[in-house]
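Biologist: I have a file open and some questions about how its parts fit together. Can we go through them one at a time?

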Amino acid sequence: MRIVSCLLRMIALATLLALQPGAAAAQSADEAFTRLGADSFSDTNRAIELLIANAHPQAAPIIEALAAGRLLAGGGAVVIKTTDGKFLDARTGAALPAESPGLAPVRLNNGVRRNIQAALGGLGLLNPDAGKRIAAAEAVFKSRDVALLPVLEGAIAKETDARAKAALRQAQAAILVAKPDAPPFDRIAAIDVLRERGDQDALATLRSLPADSSPALKEAQSRAVSAIEGKLAVWRAGQNLWYGLSLGSVLLLAAIGLAITFGVMGVINMAHGEMVMLGAYTTFIVQEIIRTRFPGLFDYSLLIAVPLAFMVAGLVGIAIERGVIRFLYGRPLETLLATWGISLILQQAVRTAFGPTNREVGAPNFMSGAFEIGQLAITWNRLWIIVFAGLVFAALLAILKLTPIGLQMRAVTQNRRMASAMGIRTGRVDALTFGLGSGVAGLAGVALSQIDNVSPNLGQSYIIDSFMVVVFGGVGNLWGTLISAMTLGVANKLLEPYAGAVLGKIALLVFIILFIQKRPRGLFALKGRAVEA
Amino acid sequence: MISRFLLQNMDKRGYVFLALVAAIGILVPLLNLLMPVGSLFHVPTSTMSLWGKYLCYALLAISLDLVWGYCGILSLGHGAFFALGGYAMGMYLMRQIGSRGTYGNPVLPDFMVFLNWQELPWYWYGFSSFPFAMLMVLLAPGLLAFVFGWFAFRSRVTGVYLSIITQALTYALLLAFFRNDMGFGGNNGLTDFKDILGFNVQAQTTRAALFSMTCVMLIAGFLIARGIVVSKLGKVVIAIRDAESRTRFLGYRVDRFKLFVFTVSACMAGVAGALYVPQVGIINPSEFAPANSIETVIWVAVGGRGTLVGAALGAVVVNYAKTVFTSGFMAPYWLFALGALFVFVTIFMPKGIIGTARELWEKRRKPAPTVTPEPAPAE
């Protein structure tokens with residue numbers, strides 16, 4: 001009963017809105033303030049309606065204050081008490097010198113609170129700011145409050161902004177579709193509007209259509225639902241693809257250094273993950289220094305960290321090569337063990353120096369936030385990491401193909417003894433290769449510091465994945481690593497919705513184990529004598 | 001005949017090892033049970049359990065030495081076989097709890113009741129029987145090793161690639177066992193054991209018996225491994241380690257020899273895991289962690305690869321050092337020590353404790369050694 005009367009009043013209100021009689025408005029606004037002071041729930045309700053109907057400039061602050069119990073009335077005065085304790089005249093919004101005596105808060109009950117909610121929704125629809133109007137329309141779209149239909153219609157008639165108008169129309173459609181007594185033609189038109197919108201919310205609205213709808217309506221609904229579902233499935237696949245590419249770029253960054261060292265030297269560097277970790281900690285230190293000394297440079301912190309991380313990780317890599325690995329050539333399995341030992345030492349060293357807890361690395365402005373393309377949500381940091389991975393890949397390719405040292409590296413990869421006989425100092429090439437591979441791992445650390453926890457265990461969590469990428473892609477071929485990283489990343493993310501994250505990963509591991517049986521040297525194996533060693 | 005197989009060509013080192021393990025297996029439980037607490041000769045139960053754990057590791061190390069030291073297969077996934085044996089034993093022990101669990105369900109283990117499962121999954125059937133569980137201790141790791149090895153060795157996956165896929169294997173199992181849906185207790189694993197064969201797991205006598213059993217199994221494992229490596233088959237296996245292609249060209253089916261050794265070794269690791277679980281009182285997925293398997297490799301490397309006795313010695317020495325290190329003020333430096341050990345042993349002691357000791361011994365007996373150039377590996 002109450003709702004019906006409320007509805008009727010709202011319709012009346014909308015009519016009032018549409019007509020907008022200027023003189024009467026001032027008068028009824030006065031009436032609203034009188035009623036607010038009357039200390040009766042029904043008067044308060046009426047007052048809210050009057051304020052909305054007249055689009056009173058102070059309507060929003062008054063109703064908000066009312067909702068929060070900060071609207072005081074008494075002795076013909078209506079006063080808003082602000083959150084910081086000041087007093088404003090409700091009529092004009094002008095500040096009052098002090099609290100006048102005899103003021104008491106305007107009381108609320110559930111009925112009034114309901115009206116306030118509806119009124120706030122309606123107020124937003126009439127807000128002069130188009131962005132606020134869109135937000136209010138979205139709220140109405142979700143709440144599907146029938147009481148707001150007249151307000152919506154009024155707002156649509158007045159609306160000039162195209163986007164706001166579309167949002168308002170969608171909100172109206174959401175209400176109309178579920179309104180049994182609306183004209184059938186309007187309801188079918190509403191379904192079309194929802195289909196145009198085509199997102200998850202529209203789908204939910206369409207699905208909630210009452211069971212007693214007419215056949216024509218039902219047919220329109222089911223067609224719209226399947227159209228939206230098809231569209232959403234495409235977007236979802238797109239989103240998963242995007243996640244997959246993002247994961248693939250991370251894997252590429254983590255694995256590509258490993259691919260170089262493994263390809264040229266035939267040793268698996270178990271400390272590779274720790275080089276990634278060193279890169280991440282270098283980023284952390286750079287940011288700490290910038291924070292304390294040069295706060296203005298914060299946005300450039302990553303740009304500064306990139307060469308430093310490359311140098312730190314690269315130098316540590318060269319030190320490892322000269323200090324340990326040099327003595328273990330021709331014994332790849334022993335190298336694996338020794339580098340594992342080094343990884344333990346590096347981890348513990350970092351843990352001793354920086355503590356075992358996660359360190360916070362901030363995101364510069366250009367990397368924070370997200371934007372949307374259609375239904376795709378794309379975060380800037382992931383996008384930049386993909387770009388960065390691409391740049392690193394291109395740079396490595398250029399080094400290997402265009403520089404003398406790259407030529408020597410390739411020669412050593414293909415046939416170490418022949419290269420040595422041709423006068424290439426293989427020892428020096430090994431050291432530089434190891435430095436390069438480790439340096440690239442350091443670069444990966446800079447990128448990973450943006451999306452993962454910077455802790456001493458950072459490297460550990462990537463090392464097995466990196467191995468899988470290298471083994472899958474084949475050794476000594478950067479393109480193989482690229483394709484392998486992207487394949488594994490995308491496959492992982494495409495499997496996730498069906499199998500779950502853990503099972504998907506297990507499935508991939510099993511796949512790689514089986515794949516190695518088929519092609520023991522990976523997707524793109526080097527051909528020739530060198531691989532027989 | 002069997003004794004000839006087991007004891008043929010047994011050297012002095014082997015006899016010393018057997019005598020030592022047998023003596024420990026008899027004396028330690030006796031000193032624990034018979035000597036009064038506080039006596040100089042009393043062995044506390046906790047110490048006995050700790051050493052029982054070391055001896056399980058020793059058996060695991062021997063099993064790894066069999067494949068790595070003699071066949072050249074560096075398995076970075078032996079912890080998986082160890083853990084599978086442990087889980088088989090753990091499942092038996094869980095079924096023995098019966099209705100004494102927190103939820104008092106006579107059939108379902110506590111964690112299944114907690115997950116609202118209605119009935120026992122099929123793969124838990126039979127584990128209430130001890131003989132069946134013991135069969136599974138051998139079969140589960142053995143079968144996995146057989147299938148895995150069948151594919152891997154037939155397609156000639158060798159060297160670093162094999163190491164990496166064994167690591168992938170144990171990593172996949174780690175992830176799988178972490179899942180609650182697998183029905184192996186998820187993250188928490190299996191624990192709260194009560195009885196084994198009707199005896200209380202916590203009782204001093206049971207622990208003493210388990211300790212003796214561990215020693216018996218260690219001796220058995222050593223004898224089997226040694227029997228294999230000194231037999232004609234063992235010669236072929238060693239030939240595969242040193243020159244795989246040449247052995248193949250000589251007409252031996254390399255993949256079958258490898259598969260046999262790998263499977264036996266996995267079963268042995270499973271037995272070690274099965275003995276480990278009742279003594280430690282818990283089995284959880286962390287046993288599958290790749291790091292554990294790699295650590296096992298270093299025990300073998302420290303003791304001396306390809307010596308069997310050395311592997312056992314290395315397991316005990318490294319784990320004893322770990323206990324000493326991690327329980328005192330040195331705790332933060334354990335990983336430094338372990339890491340340095342990896343590097344030091346691979347560079348300076350490639351033959352491990354046993355190999356280095358033998359070299360020194362021979363140098364003293366023959367003051368002027370004739371330099372014989374080491375033949376380079378054929379491949």
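Biologist: How much area is buried between domain 1 of chain A and domain 2 of chain A?
Modeller: About 1000 Å², and carbon and sulfur atoms give 73% of that. Buried area is the accessible area (1.4 Å probe) that two parts lose on being put together, summed over both. Before we go on: this is a predicted model, where local features need pLDDT of at least 70 and side-chain atom pairs count only at pLDDT 80 or more, while totals for chains, interfaces and linings use all residues. Residues are numbered from 1 along each chain as its sequence is written, chains are lettered from A and ligands numbered from 1 in the order in which they are written, and side-chain values use heavy atoms, with hydrogens and water left out.

Biologist: Where do the domains of chain A run?
Modeller: Domain 1 covers 2-195, domain 2 covers 205-234 and domain 3 covers 235-532. Those bounds come from an automatic or database domain assignment.

Biologist: Back to domains 1 and 2 of chain A. How many salt bridges are there across that interface?
Modeller: The rule finds 0 salt bridges there; it asks for a side-chain nitrogen of Lys or Arg within 4 Å of a carboxyl oxygen of Asp or Glu. On the domain 1 side, the elements giving two or more residues are α8 (162-177) and α9 (184-197) of chain A. Helices here are DSSP runs (H or I, at least four residues), numbered from the N terminus. α9(A) gives the most, with 5 residues. By class, that side has 7 nonpolar, no polar and 3 charged residues. Nonpolar means Ala, Val, Leu, Ile, Met, Phe, Trp, Tyr, Cys and Pro, charged means Asp, Glu, Lys and Arg, and the others, Gly among them, are polar.

Biologist: Which residue does Arg197(A) meet in a salt bridge?
Modeller: Glu138(A), at 2.9 Å, N to O. Arg197(A) lies in helix α9 of chain A and Glu138(A) in helix α6 (residues 130-143) of chain A, so the pair ties together parts that are 59 residues apart in sequence. Over all chains the count is 17 salt bridges.

Biologist: Now the two chains. How many residues of each are in contact?
Modeller: 41 residues of chain B are in contact with 38 residues of chain A, contact being heavy atoms within 4.5 Å. The area buried between the chains is about 3700 Å², with 80% from carbon and sulfur atoms.

Biologist: Which residues form a salt bridge between chains A and B?
Modeller: Glu334(A) and Arg305(B), with the closest N and O atoms 3.9 Å apart. The count between the chains is 1. α7(B) gives the largest share of the chain B side, 13 residues. That side divides into 30 nonpolar, 8 polar and 3 charged residues.

Biologist: Different topic: how many aromatic pairs over all chains?
Modeller: 37. Rings of Phe, Tyr and Trp (its six-membered ring) pair if their centres lie within 6.5 Å, with planes under 30 degrees apart counted as stacked, over 60 as edge-to-face and the rest as tilted. Phe153(B) and Phe262(B) form an edge-to-face pair, 5.5 Å centre to centre with 85 degrees between the planes.

Biologist: Why would I care where those two sit in chain B?
Modeller: Phe153(B) is in helix α6 of chain B and Phe262(B) in helix α11 (residues 254-280) of chain B, so the pair ties together parts 109 residues apart in sequence.
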